[in-house]
Amino acid sequence: MATGNTEFMSSSRDEKNKAAKPQDGSGCKPQDPEWASGLKKLYDSVVDEPLPDSFKDLLSKLDEDEGK
Amino acid sequence: MSKDKKKRELPKRSAADKRAFKRELTEVVPHLRAFARGLCGRPDMADDLVQEALLKAWAAQDRFEPGTSMRAWTFVILRNAYLTDMRRNRFRGEYDEGVAERILTAPAGQEEPLHLSDLHRALLTLPPERREALLLVGAGGFSYEEAANICGCAVGTIKSRVGRARAALSSMLEDGDIPDRALDDPAAHRAILEELDEVAAGRGEAAATK
């Protein structure tokens, strides 16, 4: 009985190991999930957008008010 | 409340100080837009928020200490504006798939952009304080200490929020199981508002503008 149990457990563990091991082609660190660079990319893509005119208008208006 | 009233004497700013302030404020606008878009998801609303924050920052410029981080200072202002608007329900259920698709497919790069829209959607399902912690540290490149200052909380709190946000994103993205429009769910929304109560009760709102 005990033996059967162990066998069952070990085989299920093997299966888990297989499932948990993704296509580990590159040297990805475990702390650095696949999406981490995507997050930075999302942020940087907005930073790199040209500034809409509404912001240029607003910024130049700030200076005008300052003149008073 | 009355304790907030203690007024510090503020040094008079020279014209050069003001020019420097304006220049630094201008430089930081793209970062404010990126942070705001991560916080509230919709580009138009994010930009409204940034404009609001810029006006507040300009009005409060005497309280900016030259030589300190303009980005951190303005992020506090932006964050407070976001929290205020969030409490007024302005951003409730505002995620727009079509808009997200348009912003997310265009930029950045060689690799699969499809993951980015999933990532963005997953990000928006996180509780706001975890989302902002992750944005500050994982996207904005702030240290835990800087992020803690911006959010007005302990460094350990930020670390734990970032950790939870990372774990949640990893599990959502690995399982491909991203909740749809979580903000429409009344229970989720109530939970978010309760968390905001906690955030607002802390020192988070104390720093830059009042």
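These legends go with a handful of close-up views of a predicted two-chain model.

A few ground rules first. Residue numbers start from 1 along each chain as its sequence is written, and chains are lettered from A and ligands numbered from 1 in the order written. Because the model is predicted, local features need pLDDT of at least 70 and side-chain atom pairs count only at pLDDT 80 or more, while totals for chains, interfaces and linings use all residues.

**View 1. The largest nonpolar core draws on both chains.** This core has 51 residues, and those touching the most other members are B:Ala36, B:Leu49, B:Val50, B:Ala53, B:Leu78 and B:Ala147. At least two residues each come from α2 (36–47) of chain A and, in chain B, from α1 (15–40), α2 (43–59), α3 (70–87), α5 (114–125), α6 (128–139), α7 (144–151) and α8 (155–175). The top contributor is α1(B), with nine residues. A nonpolar core here means buried Ala, Val, Leu, Ile, Met, Phe, Trp, Tyr and Cys residues joined through C-beta atoms within 7 Å. Buried means 20 or more other C-beta atoms within 10 Å of a residue's own, exposed means 12 or fewer, and partly exposed is in between, with C-beta atoms placed from the backbone. Helices are DSSP runs (H or I, at least four residues), numbered from the N terminus.

**View 2. B:Val50 and its partners.** Leaving out residues up to four places away in sequence, B:Val50 touches B:Val29, B:Leu32, B:Arg33, B:Ala36 and B:Leu78. Touching, or being in contact, means that the backbone-placed C-beta atoms of two residues lie within 7 Å.

**View 3. Helix α7(B) and its buried face.** The buried residues in this helix are B:Ala147, B:Ala148, B:Ile150 and B:Cys151. Down the axis of α7(B), they fall within an arc of 160 degrees, so they line one face of the helix; the arc is taken over directions from the helix axis to the C-beta atoms. Their cover includes α3, α6 and α8 of chain B. Right after the helix comes B:Gly152, with a positive phi near 65 degrees.

**View 4. Where chain A meets chain B.** Here 19 residues of chain A are in contact with 26 of chain B. On the chain A side, α2 and α3 (53–67) are the elements giving two or more residues, and α2(A) has the largest share, with 10. In α2(A), A:Gly38, A:Leu39, A:Lys41, A:Leu42, A:Tyr43 and A:Val46 are buried.

**View 5. B:His31, a buried histidine in α1 of chain B.** It counts as buried because it has 21 C-beta neighbours inside 10 Å. Beyond four places in sequence, B:His31 touches A:Val47 and B:Arg71. B:His31 and B:Thr74 sit 43 residues apart in sequence but 9.7 Å apart in space, C-alpha to C-alpha.

**View 6. How confident the predictor is.** Chain B has a mean pLDDT of 78, with 67% of its residues at 70 or more; pLDDT is the predictor's confidence in each residue, from 0 to 100. Among the elements of chain B, α4 (residues 97–105) has the lowest mean, 49, and α7(B) the highest, 96. Over residues 102–111 of chain B, pLDDT stays under 50, and the model has 10 contacts there beyond four places in sequence. For the complex, the predictor gives an ipTM of 0.71 and a pTM of 0.69.
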